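Let's take a friendly walk through one helix and the aromatic side chains of this model. Have the structure open as you read.

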Amino acid sequence: VLYSTLVFTLGFISVFTAFGIISGIFAQFFASYIEVFNLIAGVLIIFFGLVTMEIIPVPFLQRTFKVNVHGPSGYNLFKSFAVGAAFAAGWTPCVGPILAAILLLAGSSATALTGGVYLVAYGFGLALPFIFFALFISQISGWLRKITPYLKHFNFLAGIFLILLGVFLITGNLGKIASYLYFLK
C-alpha cells in the first residue's frame, strides 16, 4: 500500500508541477501588467475563499469526477501513477478553489520556475496525508470516522486563509509577509 501511495502521489505532484510551470510561463507574457494581474488574482482568491467557506456556492467547483480503472486486479505501480495524475486533473475539490488560488499566485510570480516550485510544494503538502494514512491505515480508520463531521470547520479556516492571501496580494503586502515569515525561522 505504501509503494502504491508514493507512486500515486508522484502522479499528482507531476501534474500539479506542470500546471504551475504553465501558469508561470503564461504570466511571463503579462509581466508588464503584474499590478493589474495581482489585483485580479487577489479578487479571485478572495472569491475562492468564499467558495471554500461555502458562502458562495459554485457547484462545478464542488463536483467530483470519478475515474473507473478497469483491468487486472492487484497493485500496479503504473496504474497508481496514472490514477494519481487523473486525480490531479479531475478531482475538483483538489483542482477547485485552493488550487486555483495557488495557480494565480504562481502566475503572479511571472516565472515558470517559481510557478513550478509553488505547485510542487502544494503537491507535497497534499501528499503528506495520503502517505500518513498509508502508513497507519489500520490504526486511524476509527479516528477518521469520528472527525468526518468536523471537516467543514477545516474548509472554513482554509477559506479565511485564502481571503487573507487575496487581500495581501491586492495590497502588495504578500511579499512583505513572506519575508517576515522567512526571517522568523
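## Helix H2 and the aromatic pairs

In this predicted model, helix H2 covers residues 34–52, a run of 19 residues. From its first C-alpha to its last, H2 reaches 26 Å, close to the 27 Å expected at 1.5 Å a residue. Its buried residues are Ile34, Asn38, Ala41, Gly42, Ile45, Phe48, Gly49, Val51 and Thr52. After H2 comes Glu54, which has a positive phi, near 65°.

Now to the rings. How many aromatic pairs does a search of the whole structure find? The search gives eight. One of them joins Phe47 and Phe48, and another joins Phe132 and Phe136; the table sets out their geometry.

| Aromatic pair | Centre to centre | Angle between planes | Class |
|---|---|---|---|
| Phe47 and Phe48 | 5.6 Å | 55° | tilted |
| Phe132 and Phe136 | 5.1 Å | 50° | tilted |

Both angles lie in the range between stacked, under 30 degrees, and edge-to-face, over 60, so these pairs count as tilted.

Are the partners buried or partly exposed? Phe48 counts as buried because its relative accessibility is 11%, and buried means under 20%. Phe47, at 29% relative accessibility, counts as partly exposed. In the other pair, Phe132 is partly exposed at 40% relative accessibility, and Phe136 is partly exposed with a relative accessible area of 35%.

There is also an aromatic cluster to look for: Phe8, Phe12, Phe16, Tyr122 and Phe130 together form one.

Technical notes:
Residues numbered from 1 in each chain as written. Predicted model: local features only at pLDDT ≥ 70, side-chain atom pairs only at ≥ 80, totals over all residues. Heavy atoms only, no water. Phe/Tyr/Trp six-rings, centres within 6.5 Å; stacked < 30°, edge-to-face > 60°. Buried < 20%, exposed > 50% of the residue type's maximum accessible area, 1.4 Å probe, protein only. Helix = DSSP H or I, 4+ residues; strand = E, 2+ residues; numbered from the N terminus. Expected span 1.5 Å × (residues − 1).
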